[in-house]
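Work through the exercises below with the sequence and the 3D structure at hand. Try each task before reading its solution.

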Amino acid sequence: MSKLGNKGQSLAIFVIFIPVFIMIGTLVVDVCYAKYNQRKLDNIAKEVLRYGLKHVDEEPFNNMVDLIYQNDSEVDDYKINIDEENKRIEITISKSTKGFFGSIVGKEIYKEKSSFVGYIENEKIIIEKRAN
């Protein structure tokens with residue numbers, strides 16, 4: 001066979017694998033975007049906890065909610081439990097992210113959830129991640 005005949009085989013294989021490479025690329029972008037939103041929620045929860053613990057004696061609930069929405073206006077749900085006597089606050093924030101690859105395979109929305117608990121011990125603010 002001449003070298004001219006082999007060019008068609010390479011082109012056919014290349015055309016077959018292009019959609020696979022594009023799908024893998026979109027999957028990577030979607031997963032990275034979901035992880036970005038997860039970290040963003042974690043950081044928001046930590047900052048809101050720090051604020052709440054610094055102002056725990058001043059009934060900080062409304063200001064904490066405002067702080068959540070100032071940092072991310074697309075938050076779906078939040079739960080804040082404040083125990084003023086023990087100076088302990090629990091916070092859970094959740095958000096849904098729509099992905100491109102997910103709409104292709106049937107999982108259109110990624111749900112991120114961030115849960116933290118914060119308390120004051122020996123006049124020091126301690127923040128711990130809770131299992132989701």
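The exercises cover one helix face, several salt bridges, a surface patch and two backbone angles in this predicted model.

**Exercise 1. Find which residues of helix 2 are buried, and where they sit around its axis.**

Solution.
- Step 1. Take helix 2 as residues 61-71.
- Step 2. Pick residues under 20% relative accessible area, the cut-off for buried. In helix 2 these are M64, V65 and I68.
- Step 3. Look down the axis of helix 2. The buried residues fall within an arc of 100°, so they line one face of the helix.
- Step 4. Recall the helix geometry. An α-helix has 3.6 residues a turn, so residues three or four places apart point the same way.
- Step 5. Turn to the other side of helix 2. N62 and Q70 are exposed there.

**Exercise 2. Describe the salt bridge between D57 and K87: its distance and how exposed each partner is.**

Solution.
- Step 1. The side chains of D57 and K87 meet with N to O at 3.7 Å.
- Step 2. Place the partners. D57 is in the loop between helix 1 (3-54) and helix 2, and K87 is in the loop between strand 1 (77-83) and strand 2 (88-98). The two residues are 30 apart, and the pair links distant parts of the chain.
- Step 3. Classify D57. Its relative accessibility is 58%, so D57 counts as exposed.
- Step 4. Classify K87. Its relative accessibility is 30%, so K87 counts as partly exposed.
- Step 5. Set the pair in context: the structure holds seven salt bridges.

**Exercise 3. Is K95, the salt-bridge partner of E74, buried or exposed?**

Solution.
- Step 1. The side chains of E74 and K95 form a salt bridge at 3.9 Å, N to O.
- Step 2. E74 lies in the loop between helix 2 and strand 1, while K95 lies in strand 2, 21 residues apart.
- Step 3. E74 has 51% relative accessibility, so E74 counts as exposed.
- Step 4. K95 has a relative accessible area of 5%, so K95 is buried.

**Exercise 4. Locate the partners of the salt bridge between R130 and E90, then name the residues of the network that includes D72.**

Solution.
- Step 1. The closest N and O atoms of R130 and E90 are 3.2 Å apart.
- Step 2. R130 is in the segment after strand 4 (124-129), and E90 is in strand 2. They are 40 residues apart.
- Step 3. R130 is partly exposed at 33% relative accessibility. E90 is partly exposed at 24%.
- Step 4. For the network, follow shared partners: salt bridges join D72, E74 and K95.

**Exercise 5. Which residues make the nonpolar surface patch of about 680 Å²?**

Solution.
- Step 1. The patch is made by I13, I16, F17, V20, F21, I24 and V28.
- Step 2. Take V20 as a sample. V20 is in helix 1.
- Step 3. V20 has 37% relative accessibility, so V20 counts as partly exposed.

**Exercise 6. Where do K87 and E123, with their positive phi, lie in the chain?**

Solution.
- Step 1. Start from the usual case. Most residues other than glycine have a negative phi.
- Step 2. K87 has a positive phi of about 50° and is not a glycine. K87 lies in the loop between strand 1 and strand 2.
- Step 3. E123 has a positive phi near 60°. E123 lies in the loop between strand 3 (109-121) and strand 4.
- Step 4. Check exposure. E123 has a relative accessible area of 82%, so E123 is exposed.

Definitions and conventions:
Residues numbered from 1 in each chain as written. Predicted model: local features only at pLDDT ≥ 70, side-chain atom pairs only at ≥ 80, totals over all residues. Heavy atoms only, no water. Buried < 20%, exposed > 50% of the residue type's maximum accessible area, 1.4 Å probe, protein only. Helix = DSSP H or I, 4+ residues; strand = E, 2+ residues; numbered from the N terminus. Arc of directions from axis to C-beta. Salt bridge = Lys/Arg side-chain N within 4 Å of Asp/Glu carboxyl O. Patch = residues over 30% accessible without salt bridge, like charges linked within 9 Å, V, L, I, M, F, W, Y side chains within 5 Å. Areas by Shrake-Rupley, 256 points an atom, 1.4 Å probe, with all protein chains shown as cover.
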